[in-house]
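Hi everyone, thanks for making time this morning. I'd like to walk you through one structure, so please have a look at it before I start talking.

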Amino acid sequence: MKISEGDLVYIIFDKRRKYIKMVESGKEFHSDRGYVRYKDLIGKEFGITVKTEPYGHKAFILKPLPSDIIMKMGRASQIIYPEDIGLILMYTGISPGYNVLEAGCGSGSLTSMMALHVQPMGHIYSYDIREKAIKQARKNLKKIGVADYATIELRDIVREELSHRDMDVVMLDLATPWLVIPKAYKYLKKSGVLCSFSPVIEQVKKTHEAMRKSGFYEIETYELIKRQIQVKKSMNATRPMSRMVGHTGYLTFGRKIVIKYKGKIPKKPEKEEYVDMFIDFKLYKENDDENSQ
């Protein structure tokens, strides 16, 4: 794939010097290792090596992965990490054409990745109570090129009633998600998925209880822990990295179901049933002898 005007490129000098930039002809990328002219990249393929001017340092030009974009995007608050986003996308089934309601967009890491997956016919309806976060999220969505597939507004979903109905997914990243669960049930279509991201277990307990009372089914909570392995050339030096992100958050999922019974629900017998499991092998032998004659 060749680099075009407006593409995002991942410029890497070493483990510490990594940058994601948009290619704009007539402009340059400057660093302490020198500068790179964007016009020299247009028409070239991703995966090339270039030399900076005037120092001649090597720079690798790669096509950024979604995980690269998330980790390098501007932040107004803590982001949802790539491993958690991957689980959210898989366990909610978000795909082209989905309509998603999100409460708590933060810096837009999850918003942007959901927008990538629902395009071209789906849409993300996102809300937050912080103007700073909304401004940063919109900026990140525009940079990634998915601003047309997400709408971010300043509203308080806890206190306000929204007009959304038949949403495929409701995504919550709130301090008090349990207060929104009854509303989320109304916003979802039948069999729709609710996902709540919470950093502490006390939030999870209250969310579980609210989901059970509201009519959600298959309620499950997961925590992902990613551990990087250090591999060195020297022998006997391969081991887990000493430093890691030990905890990101808890992900709680549930599915909307409508239960309408006609008649009474069968009840369990009051008395325990007794089944005699004794087998008279002598009787079995006599029957076999008669059949063989």
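Let me start with a word I'll be using: two residues are in contact when they have heavy atoms within 4.5 Å of each other. And please keep in mind that this is a predicted model.

With that in hand, let's begin at Met-113, which is found in helix α3. Which residues does Met-113 touch, if we leave aside its neighbours within four places in sequence? The contacts are Pro-66, Ile-70, Ile-85 and Ile-144. Is Met-113 buried or exposed? Met-113 counts as buried because its relative accessibility is 3%, and the cut-off for buried is under 20%. There's also a distance to look at here: the C-alpha atoms of Met-113 and Ile-69 are 9.8 Å apart in space, while the two residues are 44 apart in sequence.

Now let's widen the view to the helix around Met-113. Helix α3 covers residues 109–118, and eight of its 10 residues are buried, so mostly covered is a fair description. Among the buried ones are Leu-110, Met-114, Ala-115 and Val-118. As a reminder, residues three or four places apart in an α-helix point the same way, because there are 3.6 residues a turn. As for what lies beneath, α3 lies across β7, β8, β9 and β10, and runs at about 165° to β8.

That brings us to the sheet itself. It is an open sheet of seven strands with mixed pairing, and the order is β9-β8-β7-β10-β11-β15-β12. Why is one side of β9 and of β12 left without a neighbour in the sheet? These two strands stand at the edges, and each has a single partner strand, so one side of each stays free of a neighbour in the sheet. On average, neighbouring strands here are turned by 15° against each other, ignoring direction. If you'd like one pairing to look at, take β7, residues 99–103, and β10, residues 167–172: they pair in the parallel sense over four bridges. Within that pair, Leu-101 stands opposite Val-170 in β10.

Another helix belongs in this picture. Helix α2 lies across β10, β11, β12 and β15, running at about 10° to β15. Helix α2 spans residues 82–92 and holds Met-90. Here's a methionine to set beside Met-113: Met-90 has 65% relative accessibility and therefore counts as exposed, whereas Met-113, at 3%, counts as buried. Met-90 also helps to make a nonpolar surface patch of about 330 Å², together with Tyr-91 and Tyr-222.

Let's move to the other sheet I'd like to show you. This one is open too, with four strands in the order β2-β1-β6-β5 and antiparallel pairing. The edge strands are β2, at 18–22, and β5, at 48–51, each pairing on one side only. Neighbouring strands in this sheet are turned by 30° against each other on average, again with direction ignored. Strand β5 and strand β6, residues 58–62, pair over four bridges in the antiparallel sense, and Ile-48 stands opposite Ile-61 in β6.

On to charges. How many salt bridges are there? The count comes to 15. My pick is a network of salt bridges that links Asp-14, Arg-17, Asp-32 and Arg-33. Asp-14 meets Arg-17 through their side chains at 2.6 Å, N to O, and also forms a salt bridge with Arg-33, where the closest N and O atoms are 3.6 Å apart. Asp-14 sits in the loop between β1 and β2, and Arg-33 in the loop between β3 and β4, so this pair ties together parts that are 19 residues apart in sequence. Arg-17 counts as buried at 13% relative accessibility, while Asp-14 is partly exposed at 23% and Arg-33 is partly exposed at 22%. Elsewhere, Glu-160 and Arg-155 meet in a salt bridge at 2.9 Å, N to O.

Let me finish with the whole chain. The protein chain has seven helices and 15 strands, and 40% of its 293 residues count as buried. Among contacts with a separation of 6 or more, 60% come from residues 24 or more positions apart. The chain exposes about 18800 Å², of which carbon and sulfur atoms supply 52%. Thanks for listening, and I'm happy to take questions!

Terms used
Residues are numbered from 1 along each chain as its sequence is written. This is a predicted model: local features need pLDDT of at least 70, side-chain atom pairs count only at pLDDT 80 or more; totals for chains, interfaces and linings use all residues. Side-chain values use heavy atoms; hydrogens and water are left out. Patches are made of residues with over 30% relative accessible area and no salt bridge: like charges are joined within 9 Å, nonpolar side chains (Val, Leu, Ile, Met, Phe, Trp, Tyr) within 5 Å. Accessible areas come from the Shrake-Rupley method with a 1.4 Å probe; for residues, only the protein chains shown count as cover. A salt bridge is a side-chain nitrogen of Lys or Arg within 4 Å of a carboxyl oxygen of Asp or Glu. Buried means under 20% relative accessible area, exposed over 50%, partly exposed in between (1.4 Å probe, protein chains only). Two strands pair if DSSP finds at least two bridges between them. Axes are lines fitted to C-alpha atoms, for helices over the stretch in contact, and angles run from 0 to 180 degrees between N-to-C directions.
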